[in-house]
Amino acid sequence: MQAQLLRRTLPSLVLGLLFLSTPAMGVCLDKYQELFGQLQKQTDIMQRTSLLLDPYIKSQGLDKDGLKEHCREHPGAFPSKDALQRLSRREFLRALHTTLGSVLHRLTALQRDVPKAQDLEMLNRAKQNIRGFRNNIHCMAQLLPDSSETTEPTPAGPATSPSPTPTSDTFQRRLEGCRFLHGYHRFMHSVGQVFQEWGESPSRSRRHSPRRGLRKGVRRVQLSRRNKRLPPRGQLPR
Amino acid sequence: MALFSVFQTTFLLASLSLRTYQSEVWSEPLPWAPESLKVSINSTRQCLHLQWSVHNLAYHQELKMVFQIEISRIKTSNVIWVEDYSTTVKWNQVLHWSWESKLPLECAKHFLRMRSAVDDAKTPEQRFWSNWSSWEEVDGKKGGDRRPLFVFPKDKLVEEGSNVTICYVSRSQQNNISCYLEGVRMQGEQLGPNVSMFNLNHVAFIRETGTNIYCKVDQGDGIKGIVLFVSKVLEEPKDFSCETQDLMTLNCTWDPGRDTGLLKQLSQSYTLFESFSGKKTLCKHKSWCSWQVAPESQETYNFTLTAENYLRKRSVYLLFNLTHRVHPKAPFNVLFKNVSATNATMTWKVHTIGNYYTLLCQVDLYGEGKVTQHNISVKVDGEHLFGGLEPDTQYMAQVRCANANRFWKWSEWTCQNFTTAEAAPSEAPDVWRNVKSVQGDCVVTLFWKPLSKLQANGKILFYNIVIENLDRSSISKLLSIPAPANGTEVILDQCLYQIHVTANNSVGTSPASVIIVSGDPGNTEVEEERVKGTEDGFSLSWKPQPRNVTGYVVDWCDHPRDPLCDLQWKNLGPNTTSTVVSSGAFRPGVRYNFRIYGISTESVPYLLEKKTGYSQELAPSDNPQVVMSNLTSHSFTLSWKDYSTESQPSFIQGYHVYLKSKAGQCHSGWEKAVLSDDAVCCKYKIDNPKQKTFVVENLQPESFYEFLVTPYTSVGEGPHGAFTKVTTPDEYSPILIRIILPMVFCILLLMIICYLKSQWMKEKCYPDIPDPYKSSVLSLIKSKENPRLTIMNIKDCVPDSIEVLNKQEGTRKSLTETESTKPTYLYLLPTETSYSGPGPCICFENFTYNQAASDSASCGHVPVPPKAPPSQLGLLTSPENLPKSLEKNYMNSLGEIPAGETSLNYVSQLASPTSGDKSSLPTNPPEPALCSEYKMQMAIPLGLASPPSSGSSSLSSITLLEEGEHYH
């Protein structure tokens, strides 16, 4: 039991520390590689089912044969990996930001069906992590070219909304919550794969690399307000 | 009779006909038939609610009526419930009735109808049923929902152990549907073509989040389910109790029992209701609640505590008088005053409970391992005097209080510590002494035991010792020994002394302990007895004393091997003649000595007996160091006088002497013994432990023996360690030694004398050859400053003539011949032309030595053989003057000297101190005794130095030659 608790809380703690190393809300880290590395690590952690899905299934009694099979993501509830791969970096970040915003709302709704304080705390930590992750995505979007379009992430469209139809049926809500969490972890796994492709594909990276030179003036103004530590030239990836 | 029967039958038929008629008449709608029927559903409680009204009642008319209600399921003909509901109906009243369905109402349609009858005594004639109302249809499902599968009831909350019926409704008849309870398939009952129901009996609590029940279409992904929330049965609160500490607030507590295991929002609540005041409060906590006491000082309270959840309500009751439930607060401000050595006064305060309440306080005192308890009545302040306390002792006092008028509960304890003051020591110290006589003085070592805490009554600071001379009572001496010393040493003369010892603390002095020390140590010779100790100690006994004794003292040393020995003693009564001395310091293998003293009426101790023993004897661990002496060819003596029997780990009873010999024969008195290594030897037993020498006799000369001496005790003998080896000497060797030793001494003495007189002998036998260059003649010549006058160099000499002389030299032998030879001298005489005056007479004495010859240390000149062969003489003459034969011989000799071998011999020259002046040369052929002569030594090889084949050795004098040069 203690080991299980540790297995649950440890990744969250690591994730928290990762967020601690990133700037606070509103102050962006302008080192692309560092930010990208953190996003990758955070994605790796957030896709672990031991963080949310597994404890949820256990506490709701869904860990039975015949039920587990139905704890599958609704098709279309989250963007598929292919759909994410087809997006440009900017579009990808926008979709990610929007989807995670919906996830936050859904997690809040899910908390109502979780009676145990321990599970509530687990959901709270997950929400905090998602907020931090979204903040990092926001900062990453600013490092991409034409960041003016991405300063305010657009709300998620109906096709990518993971929110199901509200129901008063407890069993159905329970099952939907399980499906939602399954989809969430799958989605984060896909996000991780896309991030991995970003790192492995220099040509694409080069195509979408931040035009630091072009954006220098704008960034300088912004950073001078937010972060006094300007990176030296050439620190961003080409 | 028959007529009567017919009449009767006719009457009955008429009556029946009339009855039938009447019935038909009253089946017509009654003026009080139920109307305005409305049916509603409570899905959560699975209830059908029916409401209706009865019209046509007069104002204020009340009519007792019966309503019969029929309920059908699925179809009207399938009646599942009939019930008569009796009630009093008033004018314009809306009537209600509920029915709880076991089957969820959503599972099937239900139909309901009712009729009424008057059941009132006031109108007995109208007791007939009205017509049935029309069927009212109830459908629990929402009509617009077209989903293919439903499971009911949704989110039902039941108690553990209850029975539940669930159902599923399918839109399609073709689907094969299976239902599961927590993964276990359930067997159901078909209600209709699309409806099946499942009865769950005695449902169990599984988890807080409820039990999952779900149905699946076998071919497809459709799954529907419900969550059945199972609650544990709400228990009745236990141990419900209320009390007050201040008559202002009541604190009610209870044990809520086990948790129902429901979610927080479904959990039970607790309410407190007081019936006299009619007040009610909702408790915020599950196990306690506060209640404000009414200011009008209500004395009696009747509480109802109700635990209630969605399923059940439990209540408990409590009636009490407020003044009987007073639980005072703990006393405070506990203080001690007037604390002396034996008394202390404790004061404390209590929280007031109204003006007329008296508290009973209980005071406990803990100290010295005892507890004393006192009860005191207190209004506001409490006070209690503790007496009979021990001085200088820490006590712990605690106090608690309760309502004195009506005991309910004690308050919590309030504790406080205090320490009593010191008092003078109450007991005299236990004193003993040890007396030794040193150089005419009496050295008395006094010992005393520290007083116990109860006796000391405080911290002992010092001990006073007053030494009083009993012979001259005016003389006394005072010593003050600071604590924690437990003894001192005083030196007394041979007088009789009385010693007083007192212990002193900050308050006063203890009674004195008196002991009389006689100037005579009184070491009377008392036989020492042996006692056997055990693990529990030594049991000692002594003879009762005929004269009066005031008691006995047994003393001993706890550590006899230590110099300080740690003297212990034990005081015993006058009637005691035995005791057991035990000590934790007693160790096995250590000898303890006990002395038993009797104390006379004059307080003079006198030694009665001595005991010695071991608490446990151990085998000796060491053997004595044996010294062997007087070794002869037939015996030797062993001695171990340094071996102390007193310091052994057991009483030594004697010694075993082991002797190993090659012969293996044991003489009389010896016995054969087999050692641990299976070696066989002879053993001799010495029974007397004081015998520490032993003579081993009857030995064989020039034989090898090994011996070992080991002590033996009652628990065994010493270790069989290394044997000492000894070999007996030869029988005659002592005699030989007596002769040879003086001889060797004499020879050594002679050699020493010879060595010391070697210089003298050398001077006498073979003096050193003088070095001409170091001669004093040189200095003489230099002093005349004639550079031309110097020692004649042979190169400067031009021989004119050679005179050969034969000189008889006695019996001296050359090294190369043993017969006596005559020296041959060649005299070089100046020619007429070269000789200008009286020249020096030069005499050549030619000695030719070989190495062996030089070492022979023969004394005197080695003369040339008197009859030298001509060949040898020719060597020393010029070609024109010397005989040819001589020349020839000489040349031959030189020619035989190989190069490089000339160093084997040496040539030395000797100048006469008187031959420096040419003018002094004699004109006559010189005589050897008067003339300077050159003793010429010439290096010749050893081969040449060998004697000639003729057997006679002859050496010739020749001129001194440079290396490689010949003078002719």
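What follows is a chat about a predicted model with chains A and B.

Me: Before we start, what should I know about the model and its numbering?
Reply: This is a predicted model, in which local features need pLDDT of at least 70 and side-chain atom pairs count only at pLDDT 80 or more, whereas totals for chains, interfaces and linings use all residues. Residues are numbered from 1 along each chain as its sequence is written, chains are lettered from A and ligands numbered from 1 in the order in which they are written, and side-chain values use heavy atoms, with hydrogens and water left out.

Me: OK, how many residues does each chain bring to the contact?
Reply: Chain A gives 19 residues and chain B gives 19 residues, where contact means heavy atoms within 4.5 Å.

Me: And what area is buried between chain A and chain B?
Reply: About 1500 Å² is buried between chain A and chain B, with carbon and sulfur atoms giving 53% of that area; buried area is the accessible area (1.4 Å probe) that two parts lose on being put together, summed over both.

Me: How many salt bridges cross that interface?
Reply: The rule finds two across the interface of chain A and chain B, a salt bridge being a side-chain nitrogen of Lys or Arg within 4 Å of a carboxyl oxygen of Asp or Glu. In one salt bridge, A:Lys64 pairs with B:Glu182, and the closest N and O atoms are 3.6 Å apart.

Me: Which element gives the largest share of chain A's side?
Reply: That is H7(A), which supplies six residues of the side of chain A that touches chain B; helices (H or I, at least four residues) and strands (E, at least two) are DSSP runs, numbered from the N terminus. By residue class, the side of chain A that touches chain B divides into five nonpolar, eight polar and six charged, with Ala, Val, Leu, Ile, Met, Phe, Trp, Tyr, Cys and Pro counted as nonpolar, Asp, Glu, Lys and Arg as charged, and the others, Gly among them, as polar.

Me: What does H7 lie across on chain B?
Reply: Helix H7 (residues 170-200) of chain A lies across S15 and strand S16 (223-231) of chain B, and runs at about 115° to S16(B). Axes here are lines fitted to C-alpha atoms, for helices over the stretch in contact, and angles run from 0 to 180 degrees between N-to-C directions.

Me: Which sheet holds those two strands, and in what order?
Reply: They belong to an open sheet of five strands in chain B, ordered S9-S16-S15-S11-S12 and with mixed pairing; two strands pair if DSSP finds at least two bridges between them. Strand S9 (157-159) and strand S12 (184-185) of chain B each have a single partner strand, so one side of each is left without a neighbour in the sheet.

Me: How do S11 and S15 run?
Reply: Strand S11 (residues 177-181) and strand S15 (residues 211-217) of chain B run antiparallel and are joined by five bridges, and B:Ser178 stands opposite B:Lys216 in S15(B).

Me: Switching topic, what do S22 and S23 form?
Reply: S22(B) and S23(B) form a hairpin with four residues between them. Strand S22 (residues 300-308) and strand S23 (residues 313-321) of chain B pair in the antiparallel sense over nine bridges, and B:Tyr317 in S23(B) is the bridge partner of B:Thr304.

Me: How many salt bridges are there over all chains?
Reply: The structure holds 27 over all chains, including the one between B:Lys109 and B:Glu137, whose closest N and O atoms are 3.2 Å apart. This pair links distant parts of the chain, 28 residues apart, with B:Lys109 in the loop between strand S5 (94-100) and strand S6 (110-118) and B:Glu137 in strand S7 (residues 136-138) of chain B.

Me: Last one, where are the cis peptide bonds?
Reply: One joins B:Phe152 and B:Pro153, with omega about 0°, and B:Pro153 lies in the loop between strand S8 (149-152) and S9 of chain B. Another joins B:Ala483 and B:Pro484, with omega about 10°, and B:Pro484 lies in the loop between strand S34 (476-482) and strand S35 (487-492) of chain B.
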